[in-house]
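Reader: Could you pick one part of this and take me through it up close? I'd like to hear about neighbours, burial and charged contacts, in whatever order suits you.

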Amino acid sequence: MDTILLLIDPQNDFCASNGALYVPGAEKDAVRLAQFIQNNQAHIENIHVTMDCHPYYHVAHPCFWKDKDGNHPSPFTIITRESFKNHEYTPVDPALYNRMEEYIITLESRARFMLTIWPPHCLLGTEGFSVYQPISDALCSWEQAKTGRIIDFVKKARNPFTEHYSAIGAEVPDPADPDTRTNFTLIDKLRNKRIYVAGEALSHCVANTLRDLFMYIDPGEVTLLRDCTSIIPGYEKFAASFITEYTAKGMKVSDSTELL
């Protein structure tokens with residue numbers, strides 16, 4: 001069985017201390033992850049790297065919304081069904097009112113994350129979008145070590161009307177946008193492999209990607225590199241719940257000192 005590495009959003013905006021949505025501890029995760037890649041270079045058959053890729057105008061960015069006074073909400077504001085119904089927050093574009101009402105209701109009915117406003121991050125073409133340097137260097141070294149190796153970069157979250165924590169599919173798929181539907185291309189690349197997983201953040205994009213992936217593959221095929229992923233503050237319970245649930249179903253948890 002081939003051994004592959006699945007890296008979730010190892011980007012500057014999450015990993016660099018001055019990143020727009022810095023995850024505390026991520027820069028140390030990145031150094032350990034880079035060393036893991038170097039130590040196991042000969043044994044990793046393929047590497048898949050997901051990349052958060054937002055436009056500035058996005059449902060989870062402040063510019064999309066306004067409050068009763070016409071101001072944009074602050075980052076980390078939660079927009080609930082109730083606050084939307086009470087017109088505490090409405091879309092800047094009034095034509096999107098009904099669509100956003102349906103979106104918020106659907107989010108809450110799925111019992112994942114409610115609509116959270118984040119600082120604009122991972123904007124395509126910006127430094128924040130790029131892979132954090134220690135990881136980028138390790139990826140380049142892996143490619144150069146054997147002729148024909150190519151990193152598989154997977155962009156997600158380009159649609160402005162839905163969040164896309166999971167690399168497998170958007171929080172609420174857009175029927176008009178195939179990129180928001182289930183990513184069977186990626187799933188098929190991961191089937192029947194020994195998968196090591198790292199990246200940011202465990203509480204959000206890592207956990208949601210794996211939750212969705214486990215609908216199609218056995219959790220026993222996955223090893224989470226626990227010292228190569230961190231948690232957005234305030235979401236520790238989400239991360240702990242995820243690990244408890246899926247280790248019970250066979251997912252393994254290790255650290256980056258493991259040699260393949």
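**A strand, a helix and some charged pairs**

Author: Let's start with strand β2: β1 and β2 run parallel, and five bridges join them. Keep in mind that this is a predicted model. If you want a spot to zoom in on, L7 has V49 in β2 as its bridge partner. β2 also pairs with strand β7 (residues 152-156), again in parallel and through five bridges. There, T50 is matched with V154 in β7. How enclosed is β2 by the rest of the structure? Largely so, because six of the seven residues in this strand (residues 46-52) are buried. While you're in this area, look up D9, D52 and K156, which are linked in a network of salt bridges.

Now swing over to helix α2. This one covers residues 26-39, and its 14 residues should span 20 Å at 1.5 Å a residue. The end C-alpha atoms are in fact 20 Å apart, so expectation and model agree. Its buried residues are A26, D29, A30, L33, A34, F36 and I37. Look down the axis and they fall within an arc of 160 degrees, so they line one face of the helix. The cover over those buried residues includes β1 (3-8), α1 (12-15), α5 (133-145), β8 (194-199) and β9 (222-225). So β1 turns up in both stories: it is bridged to β2, and it helps cover α2.

Helix α2 has a charged contact too. R32 forms a salt bridge with D227, with 3.9 Å between the closest N and O atoms. D227 sits in the loop between β9 and α8 (236-247) while R32 is in α2, so this pair links distant parts of the chain, 195 residues apart. What does burial look like at the two ends? D227 is buried, at 18% relative accessible area, whereas R32 is partly exposed at 32%.

That contact is one of the structure's twelve salt bridges, so here are two others for context. D174 and R99 meet side chain to side chain at 3.1 Å, N to O. D174 is in the loop between β7 and α6 (184-190) and R99 is in helix α4 (residues 97-109), so the pair ties together parts 75 residues apart in sequence. D174 is buried at 13%, and R99 is partly exposed at 35%. The other is R112 with D212, also with closest N and O atoms 3.1 Å apart. R112 lies in the loop between α4 and β6 (115-116), and D212 in helix α7 (residues 202-213), 100 residues apart. D212 counts as buried, at 10% relative accessibility.

Notes:
Residues are numbered from 1 along each chain as its sequence is written. This is a predicted model: local features need pLDDT of at least 70, side-chain atom pairs count only at pLDDT 80 or more; totals for chains, interfaces and linings use all residues. Side-chain values use heavy atoms; hydrogens and water are left out. Helices (H or I, at least four residues) and strands (E, at least two) are DSSP runs, numbered from the N terminus. The expected span of a helix is 1.5 Å times one less than its number of residues. Buried means under 20% relative accessible area, exposed over 50%, partly exposed in between (1.4 Å probe, protein chains only). The arc is that of the directions from the helix axis to the C-beta atoms. Contact means heavy atoms within 4.5 Å. Two strands pair if DSSP finds at least two bridges between them. A salt bridge is a side-chain nitrogen of Lys or Arg within 4 Å of a carboxyl oxygen of Asp or Glu.
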